[in-house]
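Here is a short guided tour to read with the structure open beside you. Take a moment to turn the model around before you start.

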Amino acid sequence: MRQIQFADDMQEFTKFPTKTGRRSLSRSISQSSTDSYSSAASYTDSSDDEVSPREKQQTNSKGSSNFCVKNIKQAEFGRREIEIAEQDMSALISLRKRAQGEKPLAGAKIVGCTHITAQTAVLIETLCALGAQCRWSACNIYSTQNEVAAALAEAGVAVFAWKGESEDDFWWCIDRCVNMDGWQANMILDDGGDLTHWVYKKYPNVFKKIRGIVEESVTGVHRLYQLSKAGKLCVPAMNVNDSVTKQKFDNLYCCRESILDGLKRTTDVMFGGKQVVVCGYGEVGKGCCAALKALGAIVYITEIDPICALQACMDGFRVVKLNEVIRQVDVVITCTGNKNVVTREHLDRMKNSCIVCNMGHSNTEIDVTSLRTPELTWERVRSQVDHVIWPDGKRVVLLAEGRLLNLSCSTVPTFVLSITATTQALALIELYNAPEGRYKQDVYLLPKKMDEYVASLHLPSFDAHLTELTDDQAKYLGLNKNGPFKPNYYRY
């Protein structure tokens, strides 16, 4: 990994098998696709439930049909959601106002693949205000807020996404963003690496015009490093995921609050006295464990890293192998960024009514594919909640089909997303405006100076006042009075 100089295998999406004599979930999935995180179901005309957005002819008030969303009529409700989000994203709005006159993204054509929520809509509209043209798809088939997608489409953003997409829909939406006559992307903003993967696979010539990639997830960054190691990364890329403002705020504080929101909305479970195993004690795992412990849950940790394992022990958690506790725990949560963390063998040994969910970006951590076999029955009990029933009557409660729990089943705190979104915006501005030769075909880390600037933009929300170094103190520490205040190797 390199420190940048800052100026001043395809994710699999599988479908339920439909078998004679067993309940098909295609109807349930269709129904859930009309639900958003709050009351979006009330915004949706139920008569349209069975009609795919790809089959609808929709236009916005300006006559444009350059989008594909569930229902463009939801735009007014989505605009209200975006306006609410803006109230708690003051730093991003401040950046928008400061840079709007300069238009630092004038000429930028950004193709994006992220969660489409009210918070990311604020980011997208900020990029547009700074001069960019944007085309957007969703990185998760369940996290799109339909009314927000409609509001973006009404505002003129070419957005292709709806809640409850199929595997084919997912890749079709990405393709529609990339493949358009007369429009050539020159920047990529990705979350998970699926967009980047699709461009490499289908449209490699697009990279001749791409100035850089900004990636924010563990999964996507891992894919970029794989490309770099293989000598196949043909443009500069920025690793936003490992920036301090992403790791220590979005990953930690966001998950500390949203894990409980997602679990309670889907299962109504009470955590006091429940036994929970959390697989992975990185920043996401730390946030999840802190929340669960505060509610009185008995929390176990699985880890491969001795440093993270020791941190868990010092925080008062017992570190175990999953096989040691799988028969007794009430909840299993994965947040490793790995694959097959919870296997069919583990699922077979779980007790009745055990809740299984994932807080990592990708749906590879739980071996959901192994559950789609003739001897098991799937029963949709509510949106994003399935009972998988064994022949002996045992039920395992699977949430969001093993996909990201918080954004699939609930929401995440707006303020913390403002931190990540501001970092993404600055990374795009830097890559787009960097002189030729500053960045080579490699993956770069964000500088401390950028992290500190993003943090400073958010401090006014708390009426926080920083202490300033005197000249003598700055000289003693060998620092510039304006930062950066920590060396690159510092671990916050």
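The notes below go from the whole chain to an annotated domain, then to aromatic rings and one helix residue.

## The chain as a whole

Please keep in mind that this is a predicted model. The protein chain holds 17 helices and 16 strands. Its radius of gyration is 23 Å, close to the 23 Å that the globule rule gives for 492 residues, so the chain is as compact as a globular protein of that length. If you lay the C-alpha trace along its principal axes, it spans about 70 × 60 × 45 Å.

## Inside, surface and charge

How much of the chain is buried? Of the 492 residues, 57% are buried. On the outside, the protein chain exposes about 21,400 Å², and 50% of that area comes from carbon and sulfur atoms.

The charged side chains are matched in number, with 58 positive and 58 negative. The centres of these two sets lie 2 Å apart.

## The annotated domain

The UniProt record, an unreviewed entry, places the feature "domain: S-adenosyl-L-homocysteine hydrolase NAD binding" at residues 251–412. Over residues 251–412, the model has 33% helix and 23% strand. The C-alpha atoms at the two ends of this stretch are 11 Å apart.

## Aromatic rings

How many aromatic pairs does a search of the whole structure find? The search gives 10. One of them joins Tyr490 and Tyr492, whose ring centres are 4.8 Å apart with 85° between the planes. This pair counts as edge-to-face because its angle is over 60 degrees.

Are these two tyrosines buried or partly exposed? Tyr490 has a relative accessibility of 35%, so it counts as partly exposed. Tyr492 is also partly exposed, at 40% relative accessible area. Both values fall between the 20% and 50% cut-offs.

Elsewhere, Phe160, Trp162 and Trp172 are linked by ring pairs into a cluster.

## A residue in helix H9

Thr266 sits in helix H9, which covers residues 244–267. Its relative accessible area is 5%, and because buried means under 20%, Thr266 counts as buried.

How far is Thr266 from Gly182, in sequence and in space? The two are 84 residues apart in sequence, and their C-alpha atoms are 44 Å apart in space.

Terms used: Residues are numbered from 1 along each chain as its sequence is written. This is a predicted model: local features need pLDDT of at least 70, side-chain atom pairs count only at pLDDT 80 or more; totals for chains, interfaces and linings use all residues. Side-chain values use heavy atoms; hydrogens and water are left out. UniProt positions are given in the numbering used here, feature names are shortened, and annotations may be inferred rather than shown by experiment. Helices (H or I, at least four residues) and strands (E, at least two) are DSSP runs, numbered from the N terminus. The radius of gyration is taken over C-alpha atoms; the globule rule is 2.2 Å times the number of residues to the power 0.38. Buried means under 20% relative accessible area, exposed over 50%, partly exposed in between (1.4 Å probe, protein chains only). Accessible areas come from the Shrake-Rupley method with a 1.4 Å probe; for residues, only the protein chains shown count as cover. Lys and Arg count as positive and Asp and Glu as negative; His and the chain ends are not counted. The place of a charge is taken as NZ of Lys, CZ of Arg, CG of Asp or CD of Glu. Rings of Phe, Tyr and Trp (its six-membered ring) pair if their centres lie within 6.5 Å; planes under 30 degrees apart count as stacked, over 60 as edge-to-face and the rest as tilted.
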